[in-house]
Amino acid sequence: MKAAASPPARRRREARKDVRIVLRAPNPPEFRSDASAQGIIKPIERGFAVLDAFLGESDWLANQDIALRTGLPKATVSRLAQTLTALGYLTYSEQRRKYRLAMAVLTLGFAAMVDTDVVQEARPLMQKLADDIGVFVALAGRDGLDMVFFENCHSASNAATVGLGVGEHMPMASSPVGWALLACLHENERGYLLDHMRPYHKRDEWMAVRQKLTDAEAQIADKSYCVSTGDWGPDITVVAAPLRLEDRLPMVLLCAGQSRTLTKARVEQRAGPQLLAMGRQLQKMEARRAPL
């Protein structure tokens, strides 16, 4: 397993990540600590000061709250908060007009564990689906220009599983999981991400990526999930469905397995509908927790 990745702007881009079928569940990745920097760069220091402001008692903070906690000018806080939101480290609530930490902060070891309640609620549902169909089931979200796996479950009845562990990253542009996420984003956010992905791909490669994304968008518009065979390997089928929860960054629920297990009929009759039913159940659980 690879170590924890650097922040999104510094991470080396890859055209695709090879995924293998293995005969046992992968071990969790070991994270490493990078050596501290020799000097302090003020804009970065201020960005982390904004993130540190969320380590108090309140989950949601407005610009003026962050300014009071950091001592930074409100205009500076506003610019930093918008940038951190675009990069996936904060999430913004239009209703509250406030920010909170987002899941991308997990890779930096901060307090984004506030969203582990979603993982805890999803885990038994994911395990049931994995056992029912004999597949790998995962919950993933965005980390910069990558997708990161928050949780995964393996079938107790099927020794063959997908060799991906919690904390694994894969490039959003070359993954059916990433296409499912991009397909559910607002066009402005999707455009922002695509503009930043484009420089890491050759022209022909990028045209293929855009076609894959268009295909995924069409599938999701038609049946609320997309199916891919061959993009994770010649014998792996992936079924991915966007998951939107109130006041949280969009995520993706997925199941994957060998093509002989996830046949077209099984995807249409069981995997796809059950994946969507799990998403609806998580949305109901989240709605019951939402403040009045």
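This section describes the predicted model of the chain, from its overall make-up to selected helices, loops, buried residues and charged pairs.

The chain comprises 292 residues, of which 50% count as buried, and its secondary structure consists of eight helices and ten strands. Among the contacts with a separation of 6 or more, 61% are made by residues 24 or more positions apart. The accessible area of the chain is about 14900 Å², with carbon and sulfur atoms supplying 51% of this area.

Helix α1, which spans residues 42–52 and includes Ile 44, has buried residues as well as residues with accessible area. Its buried residues are Gly 47, Val 50 and Leu 51; because these cover an arc of only 100° around the axis, they lie on the same side of α1. The cover over the buried residues of α1 includes the helices α2 (63–70) and α3 (74–86), together with the strands β2 (90–93) and β3 (98–101). Ile 44, by contrast, is partly exposed, with a relative accessible area of 45%, and forms a nonpolar surface patch with Ile 41 and Phe 48, the three residues together having about 270 Å² of accessible area. A charged pair is also found in this helix, where the side chains of Lys 42 and Glu 45 meet in a salt bridge with an N to O distance of 3.2 Å. Both residues of this pair lie in α1 and are three residues apart, about one turn of the helix, and Glu 45 is partly exposed at 36% relative accessibility.

A comparable description applies to helix α2, in which Asn 63, Ile 66 and Ala 67 are buried. These residues cover an arc of only 100° around the axis, and are therefore placed on the same side of α2. The elements that cover them include α1, α3 and β3. Just after α2, Gly 71 takes a positive phi of about 80°.

Positive phi values also occur in residues other than glycine. Arg 97, which is not a glycine, has a positive phi of about 60°; this residue is located in the loop between β2 and β3 and counts as exposed at 63% relative accessibility. In Ser 224, likewise a residue other than glycine, phi is positive and near 75°. Ser 224 belongs to the loop between α7 (203–223) and β8 and is partly exposed, its relative accessible area being 38%.

Strand β8 itself, residues 226–229, contains Ser 228, which counts as buried at 7% relative accessibility. The side chain of Ser 228 is joined to that of Asp 231 by a polar contact of 2.5 Å. When neighbours within four places in sequence are left aside, Ser 228 is in contact with Pro 176, Trp 179, Ile 236, Thr 237 and Val 238. A second buried residue with a polar side-chain contact is His 169, whose relative accessible area is 1%. His 169 lies in strand β7, residues 169–171, and its side chain makes a polar contact of 2.7 Å with the side chain of Asp 143.

Leu 275, in helix α8 (residues 264–289), is likewise buried, with a relative accessible area of 1%. Apart from residues up to four places away in sequence, Leu 275 touches Leu 129, Val 239, Ala 240, Ala 241, Leu 253, Leu 254 and Cys 255. The C-alpha atom of Leu 275 is separated by 9.2 Å from that of Val 137, although the two residues are 138 residues apart along the chain.

The structure holds seven salt bridges, including the Lys 42 and Glu 45 pair described above. Another joins Asp 132 to Lys 128, with the closest N and O atoms 2.9 Å apart. These two residues both lie in helix α4 (residues 116–133), four residues apart, again about one turn of the helix. An α-helix has 3.6 residues a turn, so residues three or four places apart point the same way. Within this pair, Asp 132 is partly exposed, with a relative accessible area of 33%, whereas Lys 128 counts as exposed at 53% relative accessibility. A further salt bridge is formed by the side chains of Asp 204 and Arg 203, at an N to O distance of 4.0 Å; Asp 204 is exposed, with a relative accessible area of 59%, and Arg 203 also counts as exposed, at 58%.

How values were computed: Residues numbered from 1 in each chain as written. Predicted model: local features only at pLDDT ≥ 70, side-chain atom pairs only at ≥ 80, totals over all residues. Heavy atoms only, no water. Patch = residues over 30% accessible without salt bridge, like charges linked within 9 Å, V, L, I, M, F, W, Y side chains within 5 Å. Areas by Shrake-Rupley, 256 points an atom, 1.4 Å probe, with all protein chains shown as cover. Buried < 20%, exposed > 50% of the residue type's maximum accessible area, 1.4 Å probe, protein only. Contact = heavy atoms within 4.5 Å. Arc of directions from axis to C-beta. Polar contact = N/O pair within 3.5 Å; in protein donor to acceptor, adjacent residues only side chain to side chain.
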